[in-house]
Amino acid sequence: FCKMKKFIYLFIFFFGFCSCSYKPLYKKNAFFSKYAVDITIKSNGKYENNVNLMKSILNQKLRHKNSAPSNLKLVVSIDRNISDLGINKDLFTFGKMLVYNINFSFYDKKGLLTSGKLTGKTTYNIGKNSYANIVSKEDASKKLISSLSQNLTNIITAMDFKRIISP
């Protein structure tokens with residue numbers, strides 16, 4: 001009975017302390033939780049509420065309550081293009097393609113850290129109902145902007161910069 005008891009204790013010890021080999025692929029970047037990032041978004045047109053939506057999503061991910069002021073700055077430019085896809089099979093609706101091009105630049109105290117471009121495409125249908133057309137366009141636009149802003153925060157927080165960031 002004593003050997004069985006030792007075996008159970010040894011079994012619990014090994015599985016309790018040595019069994020977990022899981023390591024997360026991505027770690028939370030503590031740098032962006034320490035320092036506030038100033039976010040500026042520019043667009044040529046009004047584009048519904050996309051500028052506000054993108055700014056709020058970026059603020060949620062890149063700014064925290066306890067973050068200290070810094071010289072970190074993210075400048076985002078939004079450009080939207082809408083093109084026709086043609087008549088659908090039902091002959092009453094038309095397909096439209098919505099393309100957003102987002103250019104971004106990330107600066108610190110010393111200058112430009114990184115810049116790049118993101119592109120997202122989606123489609124929506126236009127029919128005879130004007131209200132449904134507006135809702136369809138805004139819904140497609142909102143989903144695409146939220147996806148692109150999420151991708152942008154992932155790029156910024158996971159990027160390995162060539163030099164040390166000086167906030």
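Two strands pair if DSSP finds at least two bridges between them. An example of such a bridge lies between strand 3 and strand 4, where Tyr-107 stands opposite Leu-112 in strand 4. The structure described here is a predicted model, and the account below goes from the whole chain to the sheet, then to the helices, and then to two single residues.

The chain contains four helices and four strands. Their sequence order is α-α-β-α-β-β-β-α. The chain has 167 residues, of which 29% count as buried. Its exposed area is about 11800 Å², and 56% of that is supplied by carbon and sulfur atoms. Among contacts with a separation of 6 or more, 67% are between residues 24 or more positions apart.

The four strands make an open sheet in the order 1-2-3-4, and the pairing in this sheet is mixed. Strand 1 and strand 4 (112-126) are the edge strands, each pairing on one side only. On average, neighbouring strands of the sheet are turned by 20° against each other, with direction ignored.

The sheet can be followed from the strand 1 side. Strand 1 (residues 35-43) pairs with strand 2 (residues 68-87) in the parallel sense, over eight bridges. In this pairing, Ile-39 has Leu-74 of strand 2 opposite it.

The next pairing is antiparallel: strand 2 is joined to strand 3 (residues 94-107) by 14 bridges. Several residue pairs mark its course. Ile-78 has Ile-102 in strand 3 as its bridge partner, Ser-83 is partnered by Met-97 in strand 3, and Ile-87 stands opposite Phe-94 in strand 3. Strand 2 and strand 3 form a hairpin with six residues between the strands, in which Leu-91 takes a positive phi near 65°.

Strand 3 then pairs with strand 4, again over 14 bridges and in the antiparallel sense. These two strands also form a hairpin, here with four residues between them. In the turn of this hairpin, Gly-111 has a positive phi of about 145°. Tyr-107 and Leu-112, the pair named at the start, stand opposite each other in this part of the sheet.

Two helices can now be placed against the strands. Helix 3 lies across strand 1, strand 2 and strand 3, and runs at about 165° to strand 1. Helix 4 also packs on the sheet, where it touches strand 2, strand 3 and strand 4. The direction of helix 4 makes about 155° with that of strand 4.

Helix 3 (residues 50-62) and helix 4 (residues 130-158) are in contact with each other as well. Their axes come within 9 Å and cross at roughly 30°, and the crossing is right-handed. On the helix 3 side, the residues that meet helix 4 include Leu-53, Met-54, Ile-57 and Leu-58. On the helix 4 side, Ile-145, Ser-149, Leu-152 and Ile-156 are among them. The residues of this contact divide into eight nonpolar, seven polar and two charged.

Ile-41 shows how strand 1, strand 2 and helix 3 come together around one side chain. Where does Ile-41 sit in the chain? Ile-41 is found in strand 1. Leaving out residues up to four places away in sequence, Ile-41 touches Val-51, Met-54, Lys-55, Leu-58, Val-76 and Ile-78. Met-54 and Leu-58 in helix 3 also meet helix 4, and Ile-78 is the residue bridged to Ile-102 in strand 3. Ile-41 and Ile-78 are 37 residues apart along the chain, and their C-alpha atoms are separated by 7.4 Å. Buried means under 20% relative accessible area. Ile-41 therefore counts as buried, because its relative accessibility is 14%.

Asp-160 gives a second case. Asp-160 lies in the segment after helix 4. The cut-off for exposed is over 50% relative accessible area, so Asp-160, at 72% relative accessibility, counts as exposed. The C-alpha atom of Asp-160 is separated by 10.0 Å from that of Thr-114, a residue 46 positions away along the chain.

Technical notes: Residues numbered from 1 in each chain as written. Predicted model: local features only at pLDDT ≥ 70, side-chain atom pairs only at ≥ 80, totals over all residues. Heavy atoms only, no water. Buried < 20%, exposed > 50% of the residue type's maximum accessible area, 1.4 Å probe, protein only. Contact = heavy atoms within 4.5 Å. Areas by Shrake-Rupley, 256 points an atom, 1.4 Å probe, with all protein chains shown as cover. Axes fitted to C-alpha atoms, helices over the stretch in contact; angles between N-to-C directions. Left-handed = near helix turned anticlockwise from the far one by under 90°. Nonpolar A, V, L, I, M, F, W, Y, C, P; charged D, E, K, R; others polar.
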